[in-house]
Amino acid sequence: MTVEGQYVLLGMENPLLDISAHVKPELLQKYNLKANDAILAAEEHKPLYDELLKDYKVDYVAGGAAQNTLRGAQWLLPQNSTVYIGCVGKDANAETLREAAAKDGLRTEYLVDESTPTGLCAVLITDENRSMVTDLQAANNYKEEHLQTPEIWNLVENAKFFYVGGFFLTVSPPSAMRVAKHAAETKKTFAINLSAPFISQFFTKPLDELLPYVDLVFGNEAEADAYATAHNWNTTDVSEIALKIAALPKVNTSRPRMVIFTQGSEKTIVAKEGVVTEFPIIKIDHSKIVDTNGAGDAFTGGFLSQYVQGKPIDTCVHAGHYVAHVVIQRTGPTYPKEPHQFKA
């Protein structure tokens, strides 16, 4: 059951249990891994996860990009503001994933695939480097039927804002489209993230079919470039790309589309109604940066936390920069247990 005013922000994507540990370089060598990389697990990497649990002290983080974003949003929002949907297995890792998300205040409503294990991401830390090995497993098996069940669709109807990570377009485009059409029909806000260059490059069709229903587009400079290349725009200018995406046809014409592109240490770009506004990030000494993994997810979470409360766009961007600034000073995409210090 939901209460009016609760679970206003609903997210969907691929839930992964991140298993993070400081490891010996020999472990990387054993599995032919680079010190600073991110790959999908091949057969040779399958034993890595059990070995990590057996030989090292590990931290569990409720991972997956959109789940990271919703945890970040929840940190700045009142209790019971966020709910997340995806697919997990029926195993101990799924329980760990539920518990990890719950500690951050995020409600999870997972589809359970009894035939496939919960997706995992091994995060192997050596010095300042992070080597990530992802095995999607059950996360790859979300079905639209789960979304259509009365309990889950009630959450959709109760929510006022939706966030779908681009990685979800590799899994269940019909599910994303069902929620997007509901948002357009009810004048609610639907947001996506371009997530990675390969989404624009290789999942162009489902992305293009979804975009007319999208109110907010998040991404970074590499993802902007990939989108422009996939559509033969012949430009690498991030501001120009943002303006062109913002101007694409839109079903719900009651509000203009807004495009938000982060650029690492450079200014964040916001494009809306033919105008680009630039926002400087919060400067940080390089020595204080622990891990930039999940910084983009954190920015989006901070932004959405203010957007769903009707705050001005500059406040939304400032909140995004604040949460990203905090996260890059921590190991992995994790959020403090202490209350936030953000001031609008």
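For this tour, Ala, Val, Leu, Ile, Met, Phe, Trp, Tyr, Cys and Pro count as nonpolar, Asp, Glu, Lys and Arg as charged, and the others, Gly among them, as polar. Keep in mind that you're looking at a predicted model.

**Stop 1: the cavity**

Start inside. Select Leu9, Phe161, Phe162, Thr189, Ala191, Leu216, Leu304, Tyr307 and Val308, and you have the lining of the largest cavity. How many nonpolar, polar and charged residues does that lining have? Eight are nonpolar, one is polar and none is charged. The volume here is about 30 Å³, and the count comes to one cavity of 30 Å³ or more. Now colour strand 9 (161-165), strand 10 and helix 12 (295-307): these are the elements that give two or more residues to the lining.

**Stop 2: the sheet**

Switch to cartoon view and pick out the open sheet of nine strands. Walk across it in the order 6-5-1-9-10-11-12-13-14, and note that the pairing is mixed. Strands of a sheet pair through backbone hydrogen bonds, either parallel or antiparallel. Which strands stand at the edges? Select strand 6 (107-113) and strand 14 (275-279): each has a single partner strand, so one side of each is left without a neighbour in the sheet. As you go from one strand to the next, the twist averages 20°.

**Stop 3: one strand pair**

Zoom in on residues 216-220, which are strand 11, and residues 258-263, which are strand 12. These two run parallel, joined by five bridges. Click on asparagine 220 and look across to strand 12, where threonine 262 stands opposite.

**Stop 4: two helices on the sheet**

Next, select residues 221-230 to light up helix 10, which packs on the sheet and touches strand 10 (189-193), strand 11 and strand 12. The direction of helix 10 makes about 110° with that of strand 11. Then add residues 238-246, helix 11, which also packs on the sheet. Helix 11 touches strand 11, strand 12, strand 13 (266-272) and strand 14, and its direction makes about 155° with that of strand 12.

How do the two helices meet? Their axes come within 10 Å and cross at roughly 60°, and the crossing is left-handed. To see the contact, show Glu221, Ala224, Asp225, Tyr227 and Ala228 on helix 10, plus Val238, Ile241 and Ile245 on helix 11. Six of the contact residues are nonpolar, two are charged and none is polar.

**Stop 5: an open pocket**

Finally, head for the second largest pocket, with a volume of about 900 Å³. Select Ala100, Lys103, Asp104, Tyr335 and Lys337, the closest to its centre of the 36 residues that line it. Strand 2 (16-22), strand 4 (59-63), helix 3 (65-76), helix 4 (92-103) and strand 7 (120-126) each give two or more residues to this lining. Colour the lining by class and you'll find 14 nonpolar, 12 polar and 10 charged residues.

Methods
Residues are numbered from 1 along each chain as its sequence is written. This is a predicted model: local features need pLDDT of at least 70, side-chain atom pairs count only at pLDDT 80 or more; totals for chains, interfaces and linings use all residues. Side-chain values use heavy atoms; hydrogens and water are left out. Two strands pair if DSSP finds at least two bridges between them. Helices (H or I, at least four residues) and strands (E, at least two) are DSSP runs, numbered from the N terminus. Axes are lines fitted to C-alpha atoms, for helices over the stretch in contact, and angles run from 0 to 180 degrees between N-to-C directions. Contact means heavy atoms within 4.5 Å. A crossing is left-handed if the near helix is turned anticlockwise from the far one by less than a right angle, and right-handed if clockwise. On a 1 Å grid over the protein atoms alone, a cavity is a set of points where a 1.4 Å probe fits but cannot get out, and a pocket is an open set with protein on both sides within 12 Å along at least five of seven lines; lining residues have an atom within 4 Å of a point. Grid points are joined across faces, edges and corners, and a volume is the space filled by probe spheres set on the points.
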